[in-house]
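Colleague: Hi! Could you walk me through this fold before class?
Modeller: Sure, let's open it up and take it step by step.

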Amino acid sequence: MSRKWFAKATVAALALSIVLAGCGGAKKEEPAPAPAPAKTEPAPAAPAQPAFKVGMATDLGGLNDESFNAAANEGLKKAKADLKAEIQAIESKRMEDYEPNFKSLMDLKYDLIWGIGFLMQDAITKVAKENPNQKFAIIDAVVASPNVASVTFKEQEGSFLMGIIAAKTTKTKKVGFVGGMDFDVIWHFDAGFQAGVKAVDPTIEVKRVYTGTFTEPTKGKDAALAMLKDGVDVVFHAAGATGNGVIEAAAAEKKFAIGVDKDQNKLAPEWVISSMMKRVDVGVFDVSKATKEGNYPGGKVIVLGLKENGVGYAPSTLWNKMPAGTKELVDKWAEAIKSGKVVVPENMDKLKTWEVPKI
């Protein structure tokens with residue numbers, strides 16, 4: 001074997017080994033695959049909070065009275081919108097319905113149960129005593145119980161402003177008042193109205209009638225017609241649904257009416273010159289809100305007057321139907337009442353001794 005042949009063979013073997021290595025003949029080491037990420041289970045959802053539930057039993061007259069119950073229902077609806085509350089209103093057709101209506105709402109586990117109106121005082125006192133862990137609230141009455149919040153109003157203050165409006169507007173110097181039931185809450189309206197008239201002109205005659213009902217518009221209409229035919233040209237009512245008849249009579253006779261509780265101008269836009277706004281909606285909403293926030297005012301009495309925006313005149317008040325300067329005079333007296341300079345009489349006894357103060 002020649003050296004020349006051996007050298008060629010060696011070179012060929014070396015070349016072959018290089019080719020084989022380049023073609024994968026020699027195994028290349030791969031990095032270990034990354035471990036798969038561990039599966040994570042989703043966090044358990046927080047248990048849903050039970051809805052805050054507010055129930056209401058209406059007074060006589062129902063939700064469509066365009067007055068007292070309707071105003072309370074607006075506060076209930078605001079609780080639904082702003083507090084995300086679950087709400088329910090049960091209409092009372094007669095006084096015997098009050099207690100069963102409260103018990104129905106208790107059976108449905110309502111957190112706060114409202115009684116709308118002073119006529120419910122006895123019923124709510126009874127059920128509150130029997131169910132000390134249930135939260136109640138009442139409008140227009142005071143129940144001395146730790147599980148009842150009582151909301152009352154200084155109706156006499158707002159009615160005083162209506163008296164000024166009536167006295168400034170009358171041309172016959174005869175104005176009228178139609179009340180529902182003869183009770184101390186309605187006396188607030190009556191006394192305040194008479195005081196407002198007296199503050200303008202003590203010689204103006206105020207004719208007064210109590211119909212004995214909050215639910216019969218026909219009786220309100222008849223009472224108002226009798227007044228209007230006797231010379232009254234402005235009539236104010238505090239009679240719930242019965243007062244709708246008062247407004248109907250005034251419009252028919254082309255005389256002026258003053259509504260109550262809600263802005264009632266829509267019932268006779270040319271003839272309802274103002275309404276004594278009683279903000280039952282504010283009372284219902286504010287106590288409901290406080291209760292949801294853990295500040296239930298059980299056992300307390302909340303009093304809402306002009307200063308607290310609990311009473312006042314309606315946004316639609318037709319100042320253009322009154323003599324110039326009437327609004328300014330009304331606002332001047334309102335400020336004097338808010339400041340405490342003027343105290344409006346709240347019943348007939350106090351009205352008898354009340355003297356018109358200088359403001």
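Modeller: One definition to start: the expected span of a helix is 1.5 Å times one less than its number of residues. Keep in mind that this is a predicted model.
Colleague: Okay, what span should helix H5 have, and how far apart are its end C-alpha atoms?
Modeller: H5 covers residues 155-169, which is 15 residues, so the expected span is 21 Å. Its end C-alpha atoms are 21 Å apart, in agreement with that.
Colleague: Nice! Is H5 mostly covered or mostly open?
Modeller: Mostly covered, since buried means under 20% relative accessible area and 14 of the 15 residues in H5 are buried.
Colleague: New topic: what is the strand order in the open sheet?
Modeller: The six strands run S2-S1-S3-S4-S5-S11, and their pairing is parallel. S2 (86-90) and S11 (301-304) are at the edges with a single partner strand each, so one side of each has no neighbour in the sheet. From one strand to the next, the twist averages 15°.
Colleague: How many bridges link S1 and S3?
Modeller: Four, with S1 (residues 53-57) and S3 (residues 112-116) pairing in the parallel sense. Val-54 stands opposite Leu-112 in S3.
Colleague: And which strands does helix H9 touch?
Modeller: H9 (residues 280-292) packs on the sheet and touches S1, S3, S4, S5 and S11. Its direction makes about 160° with that of S3.
Colleague: Last one: where is Ser-104 found?
Modeller: Ser-104 is in helix H3 (residues 98-107). Ser-104 is partly exposed, with a relative accessible area of 34%.

How values were computed: Residues numbered from 1 in each chain as written. Predicted model: local features only at pLDDT ≥ 70, side-chain atom pairs only at ≥ 80, totals over all residues. Heavy atoms only, no water. Helix = DSSP H or I, 4+ residues; strand = E, 2+ residues; numbered from the N terminus. Buried < 20%, exposed > 50% of the residue type's maximum accessible area, 1.4 Å probe, protein only. Pairing = 2+ DSSP bridges. Axes fitted to C-alpha atoms, helices over the stretch in contact; angles between N-to-C directions. Contact = heavy atoms within 4.5 Å.
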